Amino acid sequence: MAGILVSLTFCHAQKTLKDAYADAFRMGCAVNSQIAAGRDGRSSDLILKQFNAVSPENDLKPEVIHPRPDTWNFRAGDQYVNYAKNNGLWALGHTLVWHNQTPSFFFNRSDGTPKSHDEMVETMHSYIDTVMKHFAGKIDAWDVVNEIIDNDGSYRKTLWTNAFDGDGDEVVRLAFKFAQESDPGAELYYNDFNAWRPEKRDGIARMVRMLQKNGIRIDGVGIQAHWGLNYPKNEYITAAIDTFASLGVKVMITELDVDVLPLTREGQIIGQTMSDPQFQLEEFKTYLDPYRDGLPDDVQAQVTTRWKELMQLFYNRRDRIDRVTIWGLHDGMSWKNDYPIPHRINYPLLYNRDRTPKPAFEALLAIPE
Ligand code: XIL
């Protein structure tokens, strides 16, 4: 018995995430510019060892690539694709049509007045065309449209939908059509948070069918998965995976992290900004940021349980899931330290700040056996 245990432990120590899940789905990790540029060698080494796909955390967003009307900046993006391709990693492009991290000149003329419908079509077309052609052959798939559906399943009122008089269908149709023309070799995805919410899930499904009816190609739907220790309910996640898979598109878990910190009264998971000054008060800070000095063992155990149940759920549905991507490598680099409340200490990823693996990491290796 002891001998079996020893050999199992030894076996896990040798195994990697990408090997453990090789027959199930791609294992991805989001990389920031330090990692892509080789300035965080320890993280980079771990990513190359453990993962076979990458997503760019910020480097392929419009504010980086096209910060001003006369400026195109592909330096960080090129670094990202070179990192991916030199190391044989599957590479996502993220993201073309999004209301966040997109400069206001996309939507307004230089005198500040809103662009006309035709000018907006031209803006979208030239951006998608320039960027996709620049990266053609190096990016395997693009998140063409990001976060355009609301919690109730209708289109969100965003800079993009407003610029098209609320006609979200037109925004999405044009974006996917231009994307298909600009780089026919890349897969084309829709990506969103809260995609497990039944009304939102069904709104996304309707949008996918709308594209399909119009003969416009969409290859996949990404479920972002910025989740917590006890939300969302697993049955919602399962239902969302099944709903999207039934549309005949690939399903991906694209930005997985597990928030361990308390939610605020407004229940921010994602999608709201934290502006209420009451949360700056000392007593709220103590309540909202309880693990500044480390994670207690009982919470660490909950973290392990949650990662295990999520990955088990994905593994059980591996015939419907193409990729599971974690939104960063180690806790110190996670956006969840600053969102939805800035300057907290969070523990959302599989590696500790010192790049040692968490018990959750070890637990995931054991699932596919
Ligand atoms: C986040 C990045 O992680 C942060 O570094 C940045 O400040 C804001 O954006 N949905 C998305 C991602 O599609 O692009 C976001 O990434 C997280 C939410």
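How many aromatic pairs does the count come to? In this predicted model, the count comes to 13 aromatic pairs. One of them joins F106 and Y127 in an edge-to-face arrangement, with 5.2 Å from centre to centre and 65 degrees between the planes. F106 belongs to the loop between strand 3 (90-97) and helix 7 (117-135), whereas Y127 belongs to helix 7, so the pair ties together parts that are 21 residues apart in sequence. Both of these residues, F106 and Y127, are buried.

A further edge-to-face pair is formed by F107 and W160, whose ring centres are 5.0 Å apart and whose planes meet at 75 degrees. Here F107 lies in the loop between strand 3 and helix 7, and W160 lies in helix 8 (residues 159-163); the pair therefore ties together parts that are 53 residues apart in sequence. F107 and W160 are both buried. Ring pairs link these four residues with W72, F74, F105, F135 and W142 into a cluster.

Aromatic rings also meet charged groups. The charged end of K200 sits over the ring of F193, 3.9 Å from its centre, and that of R318 sits over the ring of Y315 at 4.0 Å from the ring centre.

The ligand is surrounded by 14 residues, of which E57, N58, K61, H94 and W327 come nearest. This shell divides into four nonpolar, six polar and four charged residues. A polar side-chain atom of H94 lies 2.7 Å from a ligand oxygen atom, and one of E255 lies 3.0 Å from an oxygen atom of the ligand. In the side chain of Q224, an N or O atom is 3.3 Å from a nitrogen atom of the ligand. The protein covers 80% of the 420 Å² of accessible area that the ligand has on its own.

Technical notes
Residues are numbered from 1 along each chain as its sequence is written. This is a predicted model: local features need pLDDT of at least 70, side-chain atom pairs count only at pLDDT 80 or more; totals for chains, interfaces and linings use all residues. Side-chain values use heavy atoms; hydrogens and water are left out. A residue is near a molecule or strand if one of its heavy atoms lies within 4 Å of it. A polar contact is a pair of N or O atoms within 3.5 Å; within protein, one must be able to donate a hydrogen and the other to accept it, and residues adjacent in sequence count only if both atoms are side-chain atoms. Accessible areas come from the Shrake-Rupley method with a 1.4 Å probe; for residues, only the protein chains shown count as cover. Ala, Val, Leu, Ile, Met, Phe, Trp, Tyr, Cys and Pro count as nonpolar, Asp, Glu, Lys and Arg as charged, and the others, Gly among them, as polar. Rings of Phe, Tyr and Trp (its six-membered ring) pair if their centres lie within 6.5 Å; planes under 30 degrees apart count as stacked, over 60 as edge-to-face and the rest as tilted. Helices (H or I, at least four residues) and strands (E, at least two) are DSSP runs, numbered from the N terminus. Buried means under 20% relative accessible area, exposed over 50%, partly exposed in between (1.4 Å probe, protein chains only). A charge sits over a ring if NZ of Lys or CZ of Arg is within 6 Å of the ring centre and within 35 degrees of the ring normal.
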